[in-house]
Amino acid sequence: MASYEEVGIGDAVLLDEISTRAFVENLRVRFNGGKIYTYIGEVCVSVNPYRPINLYGKEYVSQYKGREIFERPPHIFAIADAAYKAMKRRGKDTCIVISGESGSGKTEASKIIMRYIAAVTNVAGQQEIERVKNVLLQSNAILEAFGNAKTNRNDNSSRFGKYMDINFDFKGDPVGGFVKNYLLEKSRVVMQQPGERNFHSFYQVLFGATDAELSRLKLKRDVNAYHYVRQGGTPRVDSIADKADYKSCQGAFKTLGFSNEKIDAIWRVVSAILHLGNVQFTGGGDETLISNPEVVRNIAELIKVPVDAVMKALCHRVIAARGEVMEKMHTESEASYGRDAFAKAIYERLFSFVVDGVNTAIEVRVEEQDRRYKYNTVIGVLDIYGFEIFDKNNFEQFCINYCNEKLQQLFIELVLKQEQEEYKREGITWTNIDYFNNQIICDLVEQPHKGIIAIMDEACLNVGKVTDELMLEAMENKLKGHNHFTTRKLSPMDKELKHVEEFRVRHYAGDVVYNVKGFIEKNKDTLFQDFKRLMYSSSDPVISSMWPEGAKDITATTKRPQTAGTMFKNSMVALVKILMSKEPYYVRCIKPNDQKSPVIFDDQRVTHQVNYLGLIENLRVRRAGFAYRQSYDRFLRRYKMISQYTWPNFHGGSDRDGTKILVEEQGFTNDVTYGNTKIFVRSPQTLFALEQGRAMLIPGIVVFLQKMWRGGVQRLRYRRMVAARTILHHYRLYKMRSYMVELLRVFRNVRQMPDYGKHVRWPAPPLTLRNTVTDFQSIHNRWRAQMILHKVPRNEWPQLRIKVTAGDALMGKRADWGVRDKWEGNYLASNQENHDSSSFQSAVRNMKNKDAFKEVLFSSLVRKINMKDKMSERALLVTDKQMYKLHSKTFKPLRSPIPIQELTGISVSPGQDQLVVLHLRGGNDFVISLISQENFNRVGELVGLLLRQYQLLCKSDLKVLVQSTIQCMLGNKTRIITVEETEVGSFAAFRRGKKRGELIYMWPSSLNKALPPPTHTNLNHRHAPPAPPSHANGNGHNGYGNGKNIAYGNNNKQTNGSHLYANQGQY
Ligand SMILES: Nc1ncnc2c1ncn2[C@@H]1O[C@H](COP(=O)(O)OP(=O)(O)O)[C@@H](O)[C@H]1O
Ligand SMILES: [Mg+2]
């Protein structure tokens, strides 16, 4: 429990003695100590301090926000918070009923409550909610300007009843609202008691409007110039700043979205009423005239109707009788009556119009409601006129006091009766508290046929001339003997009551004497139709729209409108119904004195109010009662986490058993009573402890729930993932399977195809098979190779490989490279080529021993040219390691061998000649022409095996150039060799060219062989495997002619050379 300094007793339930005296004394002590709020349980009693007190700042808001009522010193904030919490926590509609007599602080209280709600909501700072709050708060300025007036009791007295709903969304933020107004005291428009004023709006426009505005409104800045605002004699009041209020009212209009046209029309209507009050009639005999027609002109201009129409409406009346329309001139007094009725009616309409405008501004937007605010809850704030007793009480007081009877009835219903009945129902021992039930007074007023309102209505319905006096007689007849009603005739001894004029009602709050004068008239509330039509005819659409019924035809028979009394009664019944449906919170306002003094505490006045508000009964019931009750199931649901026996679920019996176990465990047994269906908790402290225990555990539970939820979500996600994976897996399988089926289909007859399926287009593989398909393709390629190769004897494979290498370098570049011949390499070792092969072989043996090579790859006689352009015959020997230049007869090496690694490139010509230039490091290339007995073309063979050997030794490729002009180095000099075919000669020879450094290699064209036509040249099946592809054009078909077999052998059907070696390097 929070501890705080206390003056008197904060909660009257804790008073030592329960008596009116003790209660009022406590209020006095607290009032003098600056404590204006005192509790009776959860009812807040507020004593008007009549001075600004620092109780409503931010620091106070934070002290009460989210707290329980009993935690902090009594404050109206706590009530507002309780209503708000109940709404937010339990999703219940709540209402705060503020009652008390005029000037006791109800309106202030309602504003404080609204400001508090605005302060504690919308922590997220949403723009729309800020707008709504601002509009809600600002609407007060408008409602007060038009509905409040200075009375002798209150400088800012509300002259209308106000019930305001604030709508909240599911997060507890205000999203809109609705204002319902009750019975405006419109008689004030035309008449004010001494010391009082008309509604603020009149003074605001007179004091606040600029000169320019005034002149447009045809007004002078002089209150005394206008009859309707000067009667009270107190146009200026210290506590009211009309000028500033006019400004804030205008600002509020803007904030609430009133259009300029509307605002303008509103002030024009206000001004028109001021002028109307000055209209005077003169009459003699049958004629009634307006003595100051210029005033009428002003009115006509302001309400935008023709002048003569106004004149006519003021002086005449159009009556429709039996289908005939007649015109009748008013008497002077009829005209005055009509004028005042007109003024009152216009103002009443204007007020409703303004309230409608406020409602439009604060309306919960429908689309918002649909979208976000499904769980819309409401806090209602009722600020309605308090009980009034004047010296002269008339129809209005009668209505107001009836309203207070109804509210008291509601209070009794809800707080006193219900509470006691509940105890009885729950079987709890209970001593009945006597309280006065004012139902009998409510009945006196509202009962059908015999109630006062019914009697008044009957009087109004009568066709003949019924006077107020006759009506009083009817009341006397019907209500004779009623304990709460009397007249002089019924109690002749009562000298206080005037004969045939007054009746007294014994209200719950005290006796009130009403004067019946004007009752019928006010109840009838007639306004001549002419005025309605006049207003409807206004060319200002705003004004015209306020009077829709003016559109009716004169002859149209109108249903008799409901009387003012009945309408008020109905609105009260509706109000009570609204309030009944909500959880009520009460603020009971008390006025400490009639002097608006911050220091006087008038015991008698306060005692009177305490009595009629029934506060002592309230206190008694409360004291005997329980602070909190709840049905067992809801109690258990709310607090079950506190006990290990009930958390998470109680299985040991009924909810009641569970509740008992929980309460016993927590040690609260002495503070509770068990009813039939509910548990009753006596002190708030126990409840507080329970709430605290719960609050402590909630975060853990939330985390637990979040954990479970997240787990659930993840498990669901996991299951989905697994399902997706399974689907994916099967889909992949399906794709693979269909791909394989497709492959099988397209390759079905591959064995029979001439190219073993090389031309077959592979269908696009699914993603998953992309890599696999590459493997398939290489397997297919291997298979094809195998299919082709198995026809070539294995011992020819090395030769084949060299042919492939040579083909790589020469295919397509050189006309003939001897691929069709059998490549035997070591030609000088054969007798066919070399008569002295034995001496060659013995020389080779010697070299082999000396230079340690393994085998001879190539040998041939060559014609060579040296750096001095001298041509000589030599033998060329290529081993697996070196190249030898040998004497052509002795086969002795002429110089040390050149390692194959010394090669830097090979150049040959595109023709059939046998020129080979072996480029070497050191600037002295080996320029030779191969010689063979049969004139074989061995350039390809030499190039192929050198390339192959270089590859093996150096792991890199030797460059082969095929050009008819070859650049080379001889003796460190650059030479250009040009190949020329000649008709003469029988062997190839070199000679010097004309140009410097030029060498001519002459090739007798007679040595050229006829080449087979390219397309039909087939692979020699014995000797010549196909050449490998060059890949130069990247399509696998390379330069051998469109994938058709060329140049290799004769087996056209079986072998396509260009395909055979599609995958070079696999050999
Ligand atoms: N809580 C308060 N703090 C300061 N002054 C207050 C307070 N309540 C009421 N008053 C004063 O009392 C006057 C009348 O209050 P009001 O709420 O208008 O009475 P009611 O609406 O009950 O007729 C206010 O104008 C203000 O001066
Ligand atoms: Mg008020």
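**Threonine 151, the ligand 1 site and the magnesium ion**

Threonine 151 has a relative accessibility of 2% and therefore counts as buried. The model examined here is predicted. Threonine 151 belongs to the loop between β4 (148–149) and β5. When neighbours within four places in sequence are set aside, the contacts of threonine 151 are Ser157, Arg159, Arg188, Glu196 and Lys596.

A second threonine, residue 107, is located in helix α4, which comprises residues 106–120. The relative accessibility of threonine 107 is 11%; because buried means under 20%, threonine 107 is placed in the buried class. Apart from neighbours within four places in sequence, threonine 107 touches Glu144, Ser158 and Asp383. For one of these partners, serine 158, the C-alpha atom lies 7.5 Å from that of threonine 107, although 51 residues separate the two along the chain. The side chains of threonine 107 and serine 158 are also joined by a polar contact of 2.7 Å. Serine 158, like threonine 107, is buried.

The two residues meet again at the magnesium ion, ligand 2. The protein donors of this ion are the OG1 atom of Thr107 and the OG atom of Ser158, at distances of 2.0 to 2.1 Å. This pair connects distant parts of the chain, since threonine 107 is in helix α4 and serine 158 is in strand β5 (residues 157–158), 51 residues apart. Threonine 107 is thus a donor to the metal as well as a partner of serine 158 in a polar contact between side chains.

Ligand 1 provides a further view of this region. The ligand is surrounded by 16 residues, of which the closest are Asn48, Gly103, Lys106, Thr107 and Glu108. Threonine 107 is accordingly listed both among the closest residues to ligand 1 and among the protein donors of the magnesium ion. By residue class, the shell around ligand 1 consists of four nonpolar, eight polar and four charged residues.

Several short distances to oxygen atoms of ligand 1 were computed. A polar backbone atom of glycine 103 is 2.7 Å from an oxygen atom of the ligand. In lysine 106, a backbone N or O atom is placed 2.8 Å from a ligand oxygen. Asparagine 154 takes part through its side chain, in which an N or O atom lies 2.8 Å from an oxygen atom of ligand 1. On its own, ligand 1 has 550 Å² of accessible area, and the protein covers 84% of this area.

Elsewhere in the chain, three loops contain notable backbone geometry. The peptide bond leading from tryptophan 647 to proline 648 is cis, and its omega angle is near 0 degrees. Proline 648 is situated in the loop between α25 (632–639) and α26 (655–666).

The other two loops contain residues with positive phi values. Histidine 449, a residue other than glycine, has a positive phi near 70 degrees and is found in the loop that runs between α16 (439–446) and α17 (452–461). Its relative accessibility is 62%, so histidine 449 counts as exposed. Lysine 955, likewise not a glycine, has a positive phi near 55 degrees. This lysine occupies the loop between α31 (939–954) and β27 (960–962). Lysine 955 is classed as exposed because its relative accessible area is 69%, and exposed means over 50%.

Methods. Residues are numbered from 1 along each chain as its sequence is written. Chains are lettered from A and ligands numbered from 1 in the order in which they are written. This is a predicted model: local features need pLDDT of at least 70, side-chain atom pairs count only at pLDDT 80 or more; totals for chains, interfaces and linings use all residues. Side-chain values use heavy atoms; hydrogens and water are left out. Helices (H or I, at least four residues) and strands (E, at least two) are DSSP runs, numbered from the N terminus. Buried means under 20% relative accessible area, exposed over 50%, partly exposed in between (1.4 Å probe, protein chains only). Contact means heavy atoms within 4.5 Å. A polar contact is a pair of N or O atoms within 3.5 Å; within protein, one must be able to donate a hydrogen and the other to accept it, and residues adjacent in sequence count only if both atoms are side-chain atoms. A residue is near a molecule or strand if one of its heavy atoms lies within 4 Å of it. Accessible areas come from the Shrake-Rupley method with a 1.4 Å probe; for residues, only the protein chains shown count as cover. Ala, Val, Leu, Ile, Met, Phe, Trp, Tyr, Cys and Pro count as nonpolar, Asp, Glu, Lys and Arg as charged, and the others, Gly among them, as polar. Donors are N, O and S atoms within 2.8 Å of the metal (3.2 Å for Na, K and Ca); water is not among the atoms, so sites may look incomplete.
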